[in-house]
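Subject: A structure for you to look at

Dear colleague,

I am passing on a structure that I would like you to open and turn around while you read this message. Please keep the sequence beside it, and follow each point as it comes up.

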Amino acid sequence: MKEGQLGLRQSDALFHHTAALPAMLAELATHADLTEISAVGVSAKPRPVEGSYMPCFLAGVSAATAFALSRALPLVQLTHQQGHIAAALYATGQPELFNQETLVFHVSGGTTDLLLCHGAERITPLGTSSDLYAGQAVDRLGVKLGYPFPAGVYVSEQAALCTEKVRPRVSVHGLTCSLSGLENQCARLLAEGRDAAYVCKYCLLCVGETLVRMANNALAEHPGLPVVFAGGVMSSDLIRTYVTNRVPGAHFVPGRFASDNAIGISILAARECGAWPTTSM
């Protein structure tokens, strides 16, 4: 990726996925006996809603379909978001959450979603951002400061250096938030001469305060439900501390479970406890 870019174009992402998969399958075969596989699961689209689509998912679907057909194995099509939800619920260490209603935040570069979940199978969207996603706001600030994309880890490191008190200003109406103003606020703070550490802390705490208000508004409508925060943006220690001090009973997913690497393992764990469908979709 070229310096200053904010992600890949979908055509480039599809190419890189397609080119990388054969080598990844070959590497997998050195660690596991592929003849022992009894089913093939694949994230077929971003979210389990009508019209959800990104071209780069076609690479995985093609590879999974070819592998399943060659071995006469069942193919189970899931979604990227369901994988994150399964990983988040598993990471709480409370498997009973797979069998009850839970409020789940999926906060990343492509989502700032508040979901009412019954396990990872039944998902009802409750709230979202009306414009910019939280991860986009963080990444845009980081790239503006000269950090490589994705920039979340660098923004977090800078924010940790700030000892000044920050008062975040956010826009939340019920279960819907707006984050486009956050990008403008950060640009204005930098133009006024604020140092990078202060602006990074301001950005992350604005995300944290946004989630706090959305969560508490949701709890007013769904009292007593557990609240789980997941997604790449939730790897921030600063956001985690801010939110857990203000949302009763909040569960924060550890950073290693916020990445895609944990999704497959967590889906398998969900299946083991009977909380995930076992039939092909």
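If we leave out residues up to four places away in sequence, Arg47 touches Ser52, Thr79, Gln81 and Asp113. Please bear in mind from the start that this is a predicted model, and read everything below with that in view. Arg47 sits in the loop between S1 and H2, and with a relative accessibility of 31% it counts as partly exposed, because that class lies between the 20% limit for buried and the 50% limit for exposed. Between Arg47 and Ile123 there are 76 positions in sequence, while their C-alpha atoms are 9.8 Å apart in space.

It may help to step back to the chain as a whole before going on. The chain has 281 residues, of which 44% count as buried, and it contains 9 helices and 9 strands. Among the contacts with a separation of 6 or more, 68% are between residues 24 or more positions apart.

The loop that holds Arg47 follows strand S1, which is a good place to begin with the strands. Strand S1 (residues 40–45) runs parallel to S2, and 5 bridges join the two; in one of these pairings, Lys45 has Thr79 of S2 as its bridge partner. On the way from S1 to S2 the chain passes through helix H2 (residues 57–71), and the β-α-β crossover made in this way is right-handed. Is strand S2 enclosed or open to the outside? Of the 5 residues of S2 (residues 75–79), 4 are buried, so the strand is largely enclosed by the rest of the structure.

The loop between H2 and S2 contains Ala72, whose phi is near 55 degrees, a positive value in a residue other than glycine. Ala72 counts as exposed, because its relative accessibility is 70% and the limit for that class is over 50%.

Next, please look for the open sheet, in which 5 strands follow one another in the order S5-S4-S3-S8-S9 with mixed pairing. Its edge strands are S5 (122–127) and S9 (250–252), each of which pairs on one side only, and neighbouring strands are turned against each other by 25 degrees on average, direction ignored. Within this sheet, strand S3 (residues 101–107) pairs with strand S4 (residues 112–118) in the antiparallel sense over 7 bridges, and His106 has Asp113 of S4 as its bridge partner. Helix H3 (residues 80–91) packs on the sheet, where it touches S3, S4, S5 and strand S8 (227–230), and its direction makes about 115 degrees with that of S3. Helix H7 also lies across S3, S4, S5 and S8, running at about 160 degrees to S3.

Helix H7 (residues 196–221) packs against helix H8 (residues 237–244) as well, at an angle of about 35 degrees and with the axes 9 Å apart, and H7 passes H8 in a right-handed crossing. Among the residues that make this contact are Leu204, Leu205 and Leu211 of H7, together with Leu238, Ile239 and Tyr242 of H8. Sorted by class, the contact has 9 nonpolar, 1 polar and 2 charged residues.

Helix H7 also holds Cys206, which counts as buried because its relative accessibility is 1%, under the 20% limit. Which residues does Cys206 contact, leaving aside neighbours within four places in sequence? They are Pro168, Arg169, Val170, Leu182 and Gln185.

Leu175, in the loop between strand S6 (171–173) and strand S7 (176–178), is buried, with a relative accessible area of 11%. Not counting residues up to four places away in sequence, the residues that Leu175 touches include Leu126, Gly127, Met214 and Ala218. Leu175 and Gly127 are 48 residues apart in sequence, and yet 4.7 Å apart from C-alpha to C-alpha.

One last detail concerns the backbone: the peptide bond from Phe149 to Pro150 is cis, with omega near -5 degrees, and Pro150 lies in the loop between helix H4 (134–144) and helix H5 (152–159).

With best wishes

Definitions and conventions:
Residues numbered from 1 in each chain as written. Predicted model: local features only at pLDDT ≥ 70, side-chain atom pairs only at ≥ 80, totals over all residues. Heavy atoms only, no water. Buried < 20%, exposed > 50% of the residue type's maximum accessible area, 1.4 Å probe, protein only. Pairing = 2+ DSSP bridges. Right-handed = clockwise from strand over helix to strand, strands pointing away. Axes fitted to C-alpha atoms, helices over the stretch in contact; angles between N-to-C directions. Left-handed = near helix turned anticlockwise from the far one by under 90°. Contact = heavy atoms within 4.5 Å. Nonpolar A, V, L, I, M, F, W, Y, C, P; charged D, E, K, R; others polar.
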